[in-house]
Amino acid sequence: MDAVPYLSLLSAVAALGLAAFFYTRVKAASPGDERMVAIMTEIQKGARAFLTQEYTWVAGFVVVMAVLIAIVIAPLGAISYVLGAALSAGAGWAGMTVATMANARTTNAAKEGPAKALPLAFRGGAVMGFAVAGLSLLGLSFVYLLFVQWTKVDDAFEIVTAFGLGASSIALFSRVGGGIYTKAADVGADLVGKVEAGIPEDDPRNPATIADNVGDNVGDVAGMGADLFESYTGSIIAPIALTAFTFNLVADDAGIDFNLSLLMFPLAVAFVGMLASIVGAFTVRGGDSTDAGALSRQLHRGTNVAMLITVAGTLAVAAWLFSDGAAFENWWGIGASVIGGLLVGWAIGKVAEVWTSEHYGPVKKIAAQSETGPATTILGGISAGMVSVAASVVLIVAGVLIAYWGGQQTFVDELDGFGGIYGIAVAAIGMLATTGVVVSVDAYGPIADNAGGIAEMAELDPSVREVTDALDSLGNTTAAVAKGFAVGSAALTALALFKSFEVALVDAAGPNSSFPGLSLDVGRVDVFVGLFLGAMLPFLFAALTIDAVGRAANKMIEEVRRQFREIPGLREGAEGVTPDSAKCVAISTQASLREMLLPGTLAVVVPLVLGLLDVDTLGGFLAGALVTGFALAIFMANAGGAWDNAKKYIEAGAHGGKGGDPHKAAVVGDTVGDPFKDTAGPSMNILIKVMTIVSLVFASAFV
């Protein structure tokens with residue numbers, strides 16, 4: 001069993017090797033003519049400039065947190081924290097680099113049809129996917145080996161947990177900052193360009209078009225990659241931390257067979273899932289049809305193959321680690337927990353697809369409501385998002401019950417419910433075991449979106465835009481599916497981290513302490529107050545991020561209007577007249593960096609303050625934030641995706657097509673949905689876990 005961390009380390013290296021292979025394949029493709037290369041270069045420069053400034057700003061926060069961890073927890077914890085942050089940032093940078101390279105190449109491939117364009121866009125996304133999964137598992141396996149197996153330092157498991165906090169820190173700021181950037185540009189480009197000026201999306205006359213395309217890469221690629229890096233890391237750390245804190249393990253006694261099985265199982269499932277993702281990535285092929293159903297089947301083949309291999313591999317690993325009848329009862333139970341999580345994650349993704357794809361009723365209904373104006377369009381999207389919450393909550397409850405039951409089947413009754421909670425913790429790994437291929441499919445979307453923008457700006461034949469639009473429409477749905485996986489795993493991971501926090505408080509207090517343990521009795525005033533504060537914070541966080549998008553978008557709108565007004569011939573498309581795109585890029589960059597600080601800091605400071613005041617208040621706070629944060633994340637992601645695809649459904653020819661009143665109403669709905677699905681919504685799952693893991697890492701300081 002001691003070999004498991006080495007196997008997971010090797011699988012991570014294999015994933016990074018696959019990312020490098022796909023990078024060379026993408027780079028070898030032709031980027032097209034001189035105009036396409038020029039546009040691609042502008043997008044690359046804007047994305048690099050933003051990420052450089054963002055990481056510079058976030059580095060200051062990382063330094064402060066590292067010093068705090070070194071003082072309060074352990075100096076080695078600070079090293080683990082910084083490593084988690086650095087690898088997360090590195091994954092985002094790698095994904096942004098290849099995405100800004102793959103966009104023009106996908107456009108050029110679209111001239112030959114989707115059979116060439118779809119695999120190329122997927123390979124570009126796969127660099128992000130396998131960089132995220134590979135760097136996360138590489139760093140986590142190395143930290144575990146270094147501190148638990150090799151050096152056996154004091155507080156080894158607290159140090160390993162700090163790696164997850166580092167990943168969470170980058171994810172929080174990357175998601176919020178990138179989301180504000182991309183949606184400020186998107187809203188400004190759409191409202192002035194499509195609604196006021198009546199020009200097409202991504203028209204080269206629109207000054208905000210380049211900023212919009214830059215935003216796709218810094219928000220939906222780098223930000224999303226950091227998000228899934230954190231989710232994947234957290235899902236593996238949660239059951240390890242739960243085991244270590246429940247049994248008060250130190251590195252020296254982690255070799256006992258019972259403990260070792262519990263510690264190795266998360267890494268073993270990650271190893272199986274990584275290999276399955278690598279195999280699945282090679283099964284994605286293109287087809288000649290632009291039909292969304294056909295494209296979806298081609299793109300999702302990799303995910304489905306990876307899931308099937310993971311199911312078989314998980315059962316084999318469970319049989320290997322939990323077949324000792326003296327320590328465990330039914331090895332298949334814990335396997336059922338993981339598989340249940342995997343299936344529930346897939347089902348939550350399917351809910352997202354049903355509520356955001358133009359091939360199902362909810363999106364068609366919103367498009368039909370656009371006939372009567374923007375008000376009914378917005379109402380339709382809100383109701384669709386809310387209904388999707390109900391379906392997702394039912395699924396997550398089913399997943400929790402299945403995972404709890406499976407865990408209880410495997411562990412002896414004397415463990416007082418530990419088996420059930422452990423089952424829930426590893427179910428989250430099931431959801432994210434195939435992260436490599438899931439992120440590949442998700443990152444494909446922004447590349448396809450950029451490809452359409454380049455086709456429009458380079459004024460290519462309309463047949464090229466037809467192919468890229470089909471790829472882009474599918475990308476909206478794949479993004480919603482990935483968000484479903486991320487937020488579903490967030491709920492399960494947060495529950496496991498919360499239980500670890502509860503146990504860590506008792507351990508930190510010591511056996512002779514008068515500390516009675518964490519209470520969640522809502523009849524107590526301090527818990528009740530915490531519950532309401534926790535329920536409130538996701539709403540406040542969402543409001544801050546949406547307001548930030550609104551303020552940045554206002555500046556963008558004024559700038560686009562100014563250029564149309566003051567640059568002669570720009571709106572009319574006079575030959576040789578070009579917009580000042582750099583000004584719009586600067587507006588989005590400055591606004592997003594400034595606006596990300598308050599919501600990001602809030603997520604870290606509030607649990608620290610509450611924990612120092614009263615741990616029971618903090619316990620209620622975390623519980624309230626988990627419930628409302630999950631519901632808000634699902635609601636905003638699916639409502640935003642539904643509005644976006646309703647607009648695209650109309651642009652494809654339904655309800656009068658482009659330019660009519662229904663189209664203008666749908667654009668308004670899409671504009672409202674932009675910060676929902678790409679800024680506030682995706683930030684919720686990070687918010688939930690950041691607050692929980694901050695509480696866990698600093699538990700000893702609270703008692």
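This is a conversation about how the words used for a predicted model follow from its computed values.

Biologist: Let's begin with the whole chain. What makes the protein chain as compact as a globular protein of its length?

Modeller: First, its secondary structure comes to 20 helices and zero strands. The radius of gyration of the protein chain is 24 Å, and the globule rule gives 27 Å for 703 residues; these values are close, so the chain is as compact as a globular protein of that length. Along its principal axes, the C-alpha trace spans about 80 × 50 × 45 Å.

Biologist: How much of the protein chain is buried?

Modeller: Buried residues make up 64% of the 703 residues. The chain still exposes about 22,500 Å², with carbon and sulfur atoms supplying 63% of that area.

Biologist: And what share of the contacts with a separation of 6 or more is between residues 24 or more positions apart?

Modeller: That share is 85%.

Biologist: How many positive and negative side chains does the protein chain have?

Modeller: There are 38 positive and 61 negative side chains, and the centres of the two sets lie 8 Å apart.

Biologist: Now for single residues. Why is Gly 273 called buried?

Modeller: Buried means under 20% relative accessible area. Gly 273 has 0% relative accessibility, so it counts as buried. You can find Gly 273 in helix 7, where it touches Thr 310, Ala 433 and Thr 434, not counting residues up to four places away in sequence. Gly 273 and Leu 432 are 159 residues apart in sequence, with their C-alpha atoms 8.3 Å apart in space.

Biologist: Is Leu 632 buried or exposed, and how do you know?

Modeller: Its relative accessibility is 10%, and the cut-off for buried is under 20%, so Leu 632 counts as buried. This residue lies in helix 18, which covers residues 615-651. Setting aside neighbours within four places in sequence, Leu 632 is in contact with Pro 538, Phe 539 and Met 684. By contrast with those contacts, here is a distance to try in the viewer: the C-alpha atoms of Leu 632 and Ala 244 are separated by 32 Å, and the two residues are 388 residues apart along the chain.

Biologist: What puts Val 694 in its accessibility class?

Modeller: Val 694 has a relative accessibility of 0%, so it counts as buried. It is found in helix 19, residues 661-697. Beyond its neighbours within four places in sequence, Val 694 is in contact with Leu 165, Val 604, Pro 607 and Leu 608. Between the C-alpha atoms of Val 694 and Pro 607 there are 7.3 Å, although 87 residues separate them along the chain.

Biologist: I'd like to look at the rings next. Why is the pair of Phe 258 and Phe 328 called stacked?

Modeller: Planes under 30 degrees apart count as stacked. For Phe 258 and Phe 328 the angle between the planes is 15°, with 5.2 Å from centre to centre, and the pair is stacked. Phe 258 lies in helix 7 and Phe 328 in the loop between helix 8 and helix 9, so the pair ties together parts that are 70 residues apart in sequence. Both Phe 258 and Phe 328 are buried.

Biologist: Then what makes the pair of Phe 528 and Phe 532 tilted?

Modeller: Their planes are 45° apart, which is neither under 30 degrees nor over 60. That makes the pair tilted, with 4.9 Å between the centres. Being four residues apart in helix 15, Phe 528 and Phe 532 are separated by about one helical turn. Phe 528 counts as partly exposed at 40%, while Phe 532 counts as exposed at 53%, since the exposed class is over 50%.

Biologist: One last topic, the backbone. What makes Asp 155 and Glu 459 worth a look?

Modeller: Most residues other than glycine have a negative phi. Asp 155 has a positive phi near 55°, and Glu 459 has a positive phi of about 55°. Asp 155 lies in the loop between helix 4 and helix 5, whereas Glu 459 lies in the loop between helix 13 and helix 14. Asp 155 is partly exposed, at 38% relative accessible area, and Glu 459 counts as exposed, at 66%.

Definitions and conventions. Residues numbered from 1 in each chain as written. Heavy atoms only, no water. Helix = DSSP H or I, 4+ residues; strand = E, 2+ residues; numbered from the N terminus. Rg over C-alpha atoms; globule rule 2.2 N^0.38 Å. Buried < 20%, exposed > 50% of the residue type's maximum accessible area, 1.4 Å probe, protein only. Contact = heavy atoms within 4.5 Å. Areas by Shrake-Rupley, 256 points an atom, 1.4 Å probe, with all protein chains shown as cover. Lys, Arg positive; Asp, Glu negative; His and termini not counted. Charge placed at Lys NZ, Arg CZ, Asp CG, Glu CD. Phe/Tyr/Trp six-rings, centres within 6.5 Å; stacked < 30°, edge-to-face > 60°.
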